[in-house]
Amino acid sequence: MRKKQFKAESKKLLDLMINSIYTHKEIFLRELISNASDAIDKLYFKSLTDDSVELSRNDFKINLEIDRENRIVKISDNGIGMTAEELEKNLGTIAKSDSLNFKNENEDSEHADDISVIGQFGVGFYSAFMVCDRIEVVSKAFGEDKANRWVSTGVDGYTVEECDKDGVGTEITLYIKEDTETEDYSQYLDENKVAQLVKKYSDYIRYPIEMEMSHSVPDPDNEGEYINEVNVETLNSMVPIWRKSKSEIKPEDYNEFYKSKFFDFTDPRLVIHSKTEGQATFDALMFIPENAPYDFYTKEYEKGLQLYSNGVLIMDKCPDLLPDYFSFVKGLVDSADLSLNISREMLQHDHQLKIIAKAIDKKIKNELKKMLSNDREKYEAFFKTFGLQLKYGVYANYGMEKDALKDLLLFESSNGDGYTTLKEYVGRMAESQESIYYACGESGDKIAMLPQLEAVKEKGYEVLYFTDEVDEFAISILMEYDGKHFVNISKDDLDISTDAEKEAIKNKNEESKELLDKMKEYLGDEVSAVKLSNKLGSHPVSLSTEGYVTLEMAKVLSQMPGSEGVKAQLVLEINSQHPIAEKLEKAGDEELKKYTMLLYSSARLIAGLDIDNPSEFADTLADMM
């Protein structure tokens, strides 16, 4: 037996493999199990064309064994095994992937669909050196009489010698490192921890992964006492639910999978199960929760779908698979087409990922549209929980997604209880109505009390109620729907009057110019104008705005850092038909000033704005009474 050096002949390269490529040390178990699965795949593939293979698919398995006392972990399989030459070629040459070669050599075979090798780069084996200081590999290749043992302690090289082994396959023995102040290597000698890692990363390896598990059970011979019972258990599910036919899966199967996988206590509101073939082939299983996660509106919340490659977990949360407006979606994607980096922990480039993400985005939108059409009550419940995200989606990225999301939006309106879509609103419009009217406020009840609403409703126009801060910003990006522009009824240029009414109010403002100028002077920079209005119904006074920034926009922007100077240009509107207008005309200067301040403060309160001096307002009101 002679010591041999790695053909890469670079201590620095192997040191990179062990210490720099992998982010998490626990990945080693995933890599070795994946290699074992590849070895079994090769022998199973051979069995399809070679009658000398006596094993059937049900005979294949991967076995894990833990020896805590001697700090040993063993991973064994009954796959195709390796000869001495193959041990040197595959384990003696860093970054040599026999699995990838096997896949490429057989891609045109009639049984190519049965090949599901996971290894691509040939470096996964060396990840074991992150947690152990010695590795022994005993392997017996199919068709060979003798086995061979490969041993290495890392950068010092390796040895290969002939040995005995019952049955074909490979057994890897890891001698786990001693614990340090910063590293707990003993955790990999804990059977529950190992079982947890198998479940996390390798749950859907297609062959059973078995391990002896000990459990404390009541002693049948001694009441109140417990004994340790050891059983061989299968740790993995093997067949992913998303690869099963939909006809095989019951709703409760989806629900249980969701709750156990994503730690929720309630069933999902919607299940989306799809298989896509084309530019990218992948399976997707996604869920829309019934409730928002507890941390959904915090900085700590992380969006993303789990990403699998051939059933092996690559990323627990891949954010690039979901746009922000669908950040509430839970689920996973499994694809064999991903170009992974050398550690299989992340993607090498994002071209395929973008194709998958685009297809997922389209699928979710289509499923939501179906829900909206087929189960309105269910969709409205969904929208109450997550509709705000869709509105942000309309507004974000300069409205790139506005056309795809606009028909998923719901709003309350003056039409009655419940929600309406923009399409439904337009469908109810009279032929003569040219605009979509809306009003903003904290709630539908408060919007219903706005002075302008009464006049707009008297004209027979329905008004949408915008109660979320983002509503008006989203609509400003949307601009129009079906050729109808959006109009805020609280803007000073609201146009719902006939030509005759416009002319009449114009004349009244001209006749009262001196009075209105005085009132503007009393208010100073608080308002940009004071004018008479015919759009307030039975209400005496109201505030409207001119320019782009509306009252609601100003409220939102004023809460943002660095936006202290953003203000709406307010217009104090006096109802020309209300008795207060006549009283203003007859008031003296001192009395007019008091009336002006009272009306302005009242208008601010109606608009949901604070007044600077509530005590002065109350004293003036009492004095006038």
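Q: What makes a contact between two charged side chains a salt bridge in this predicted model?
A: The term salt bridge is kept for a side-chain nitrogen of Lys or Arg that lies within 4 Å of a carboxyl oxygen of Asp or Glu, and the model to which it is applied here is a predicted one.

Q: Why is the contact between glutamate 582 and lysine 586 called a salt bridge?
A: The closest N and O atoms of glutamate 582 and lysine 586 are 3.2 Å apart, and because the cut-off is within 4 Å, the pair qualifies as a salt bridge. Glutamate 582 and lysine 586 both belong to helix H17 (residues 579-586), where being four residues apart separates them by about one helical turn.

Q: How do you know whether glutamate 582 and lysine 586 are buried, partly exposed or exposed?
A: Exposed means over 50% relative accessible area, so lysine 586, at 66%, counts as exposed. Glutamate 582 has a value of 49%, which falls between the limits of 20% and 50%, and it is therefore partly exposed.

Q: Why is lysine 363 called partly exposed, and what is glutamate 367 called?
A: Lysine 363 has a relative accessibility of 25%, between 20% and 50%, and is therefore partly exposed, whereas glutamate 367, at 15%, is under 20% and so counts as buried. These two residues form a salt bridge with their closest N and O atoms 3.2 Å apart, and they stand four residues apart in helix H7 (residues 351-374).

Q: What makes the pair of lysine 531 and aspartate 492 a salt bridge, and which parts of the chain does the pair link?
A: The N to O distance between the side chains of lysine 531 and aspartate 492 is 3.8 Å, which is within 4 Å, so the definition is met. The pair links distant parts of the chain, 39 residues apart, with lysine 531 in strand E20 (residues 529-533) and aspartate 492 in the loop between strand E19 (484-488) and helix H14 (499-511). Aspartate 492 is buried because its relative accessible area of 17% is under 20%, while lysine 531, at 22%, is partly exposed.

Q: How do you know that glutamate 585 is accessible enough to belong to a patch of negative charge?
A: Patch residues need over 30% relative accessible area, and glutamate 585, at 44%, therefore passes that cut-off. Glutamate 585 lies in helix H17 and gathers with Glu503, Glu510 and Glu511 in a patch of negative charge on the surface, to which H14 gives the largest share, three residues.

Notes. Residues numbered from 1 in each chain as written. Predicted model: local features only at pLDDT ≥ 70, side-chain atom pairs only at ≥ 80, totals over all residues. Heavy atoms only, no water. Helix = DSSP H or I, 4+ residues; strand = E, 2+ residues; numbered from the N terminus. Buried < 20%, exposed > 50% of the residue type's maximum accessible area, 1.4 Å probe, protein only. Patch = residues over 30% accessible without salt bridge, like charges linked within 9 Å, V, L, I, M, F, W, Y side chains within 5 Å. Areas by Shrake-Rupley, 256 points an atom, 1.4 Å probe, with all protein chains shown as cover. Lys, Arg positive; Asp, Glu negative; His and termini not counted. Charge placed at Lys NZ, Arg CZ, Asp CG, Glu CD.
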